[in-house]
Amino acid sequence: MSVRGLAAAAALGAGALALQPANAEEITLEFVVWNYALDVIQDNVRQFEAANPGIRVNVTDYTWPDYQDSLVLRFRGGTRTDVLYGGQDWLPAWAAAGWLAPLESIAPEGAVATLASEMAGFALSDVTYEGGIYGLPYYADTISFLYNARLLDEHGIAVPTTWDEVMEASEALKAAGIDRPIVYEYNQELPNFFDAFVAQVYGRGGDLFDDELNAIFDDPDNAAYQHLEWLREAFARELVQPENHESNVITTMNTGEHAFTVVYNYVLAAMNNVGAQPLAGDFQLARMPGGEGATLGFAKFYAATADAAADPARAEAAWKFIEFMAGQPYGVAKRWAVEHGLGFGQLPLLDDADVIEAWSGWVDMDVLSAQVASARAGTWTEWTAVWTAFFRPLLASAMVGEISVDEAMSEGAERWNMLRAQFAGR
Amino acid sequence: MWTLRRFPLLWLLPALLLVAAFIAYPVAHAFWTSLHRVNLLFPGEPFVGLENYQRVMATRQFRTGLRNSATFMALAAPLVVLAGVAIALFLQRRFRGSLIVRSIVLLPWVLPGAISAVLWVWVFHPSFGILNGVLRNIGAIDSSIQFLNTPSLAFYCVLVAYVWTQIPFAVVLTMAALAAINRETLEAAMIDCRSGWKRFRFVVFPEIKAMVVVLLVYNALMAFTTYDLVYAMTGGGPGTATTLLAFQVWREGFSMYDFGAGSAVAFLMVLVAVAVIVAITRALPSDLFGERP
């Protein structure tokens, strides 16, 4: 082709491009997630984009341990963020800082209330701040007490229902050659570490705070105080094998050398994954020991930023996206439940035949339902996330005997009360 | 006539602008932050002077982090340099498969810290770790050693892992310094002195001393500010056994939303780092910093 021909072809091409209708309506949402099952997230996004021409979604992911600080940096630095994964512990602080918008401000009237009416109580509590609903559940779960049923059967040990029984059973197993029967997710930098402690305190029927948000856990008669003493004793007797991440809990429990652990329910799904784990099927869920059988329920959720809510076009797109991911007919939540064992806050899924069939393969649904029914939401205030970052290292130090239980609880209560006073005067 | 000497500032300007934008301004802003109450959850950023510094230095976490970081640095930096120099001297020799060995030695360098951490957890883990498996198989132990779960052992385990990740860089730089030594000097030394140790001490070491100082300073700073590997291996535990000062910067800033306090810890780390650089360069004077031994 001659130079003149090339030029003509280029001019034609440019003209054709210029004649394309300008896609001025297309909106790109910035969606920020932690990187659990990123392939599924991307696939859900593709399905949303196919169903909603004109809206594109750009996914940015961070690891779970880096998620909170990455989001804080994004907010602080003004990096555009429209929809994100939120957590119950961060919501009050992020909403109070003006980073998030209540969903009522971007959704059609009545839409959020309809979805809220089908949400589990603890999940609804976790997505609510000062009367506004800031999220729809990505997943909602409980922290549960899991055990190796085959190991207990072999040693003639009944499933413990109190923490004293857990100690006795662990001593018996240790005497029988099971070196460290309790596997404990122990990482002072992860929110899970505090959540699991609260779940165990709830199991004892206690709480860390009273109705006026006073710290009461520094009282030796308080269940939290007593449970930290229990944990310290279990560590001292070398009954506990700490693991710094739940992924290691799955592998370690599947060595068959450990009997008990306290983790999120979806970890049980992974432990009993027939295709991936050698001892799949050996693990079962029991009500949280302690007499009351209660536990911590929590919700992680899709939230919209205040920045997105301020732009009508982005706000509308953000709502469509959140509704697709967590709204009726709950297809995405169901997918997470069936394929990954993630819990859900959308109550109608409890009666879904596909969910029941999939979950029956790794958990006793009756026990799980009883555990979920007795789950309680945590105490989440504007300063809870700040305070837990301070308190977790104290918990960790007390468990291994670096400081006394009284030191940990006194310092923790003092900091809680100080933060409460600071925020009251804000 | 155009010469480089004619407009020195003009030629330096592009580089100076980059340094100002990406180093000077962020550092200055961080220092400003450390003198103000900058909490993301509270409005306003009032000047508080040294209050942030006083507050963070009074905490148990700061004192523990400082002690652990200083110990970690004091052990890690010399170990990395000693191992790096020893391996470089070994690899300088030609032997069958030396190229393969050189490649393998460099391997830890290309691994991200988090991957190295996973590898070392697999080495030390009590239930599925290689080390416990080997010790059990040869009958040296009956039950697993809780390497990463015992405070006194965990610190040394992360130290070993950290040193392993840093050795390749020390090897590469030392080999470069060794390659630059005049061959005739080495040949003369071979004739004059039969003792390998004496040849190293009086001929080779003076030639690579500047590089050793660089490596010591670099590794001291890296060890003092390290975060990812230790975090991924232990999360700072058990208890505070492996909690380093860099954790406190992160915790104050991002977990507690208190950027004033986080910046104060960061600047205290800078002060320690400056003191370390001065101490090393004074203890091992070399012409690298314009001083004559």
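**A tour of helices, salt bridges and a nonpolar patch**

B:Thr174 sits in helix α7 of chain B, which covers residues 151–179. In this predicted model, B:Thr174 has a relative accessible area of 2%, so it counts as buried. Setting aside neighbours within four places in sequence, the residues in contact with B:Thr174 are B:Gly84, B:Val85, B:Ala88, B:Ile208, B:Met211 and B:Leu215.

Helix α3 of chain A takes up residues 64–77. With 14 residues at 1.5 Å each, a span of 20 Å is expected, and the C-alpha atoms at the two ends are indeed 20 Å apart. Many of its side chains are tucked away: among the buried residues of α3(A) are A:Trp64, A:Tyr67, A:Leu71, A:Val72, A:Arg74 and A:Phe75. Right after α3(A) comes A:Gly78, with a positive phi near 75°.

Salt bridges come next, and there are 21 of them over all chains. One of them pairs B:Glu45 with A:Arg76, with the closest N and O atoms 3.5 Å apart. Since B:Glu45 is in the loop between α1 and α2 of chain B, while A:Arg76 belongs to helix α3 of chain A, this pair joins two chains. B:Glu45 is partly exposed at 37% relative accessible area, and A:Arg76 is partly exposed at 38%.

Another salt bridge, between A:Arg314 and A:Asp82, has its closest N and O atoms at 2.6 Å. A:Arg314 lies in helix α14 of chain A and A:Asp82 in the loop between α3 and β3, so the bridge ties together parts that are 232 residues apart in sequence. Both partners are buried. They also belong to a network of salt bridges that links A:Arg80, A:Asp82, A:Asp307, A:Asp311 and A:Arg314.

A third example stays within one helix: A:Arg150 bridges to A:Glu154 at 3.0 Å between the closest N and O atoms. These two residues are both in helix α7 of chain A, 4 residues apart, or about one turn. A:Arg150 is partly exposed, at 39% relative accessible area.

On the surface of chain B, a nonpolar patch of about 790 Å² brings together B:Phe7, B:Leu9, B:Leu10, B:Trp11, B:Leu12, B:Leu13, B:Leu16 and B:Leu17. B:Phe7 is placed in the segment before α1 of chain B, and its relative accessible area of 33% makes it partly exposed.

As for cysteines, the count of disulfides over all chains is 0. B:Cys157 is buried at 4% relative accessibility, and B:Cys193 is buried at 18%.

Notes
Residues numbered from 1 in each chain as written. Chains lettered and ligands numbered in written order. Predicted model: local features only at pLDDT ≥ 70, side-chain atom pairs only at ≥ 80, totals over all residues. Heavy atoms only, no water. Patch = residues over 30% accessible without salt bridge, like charges linked within 9 Å, V, L, I, M, F, W, Y side chains within 5 Å. Areas by Shrake-Rupley, 256 points an atom, 1.4 Å probe, with all protein chains shown as cover. Salt bridge = Lys/Arg side-chain N within 4 Å of Asp/Glu carboxyl O. Buried < 20%, exposed > 50% of the residue type's maximum accessible area, 1.4 Å probe, protein only. Expected span 1.5 Å × (residues − 1). Disulfide = S-S within 2.5 Å. Contact = heavy atoms within 4.5 Å.
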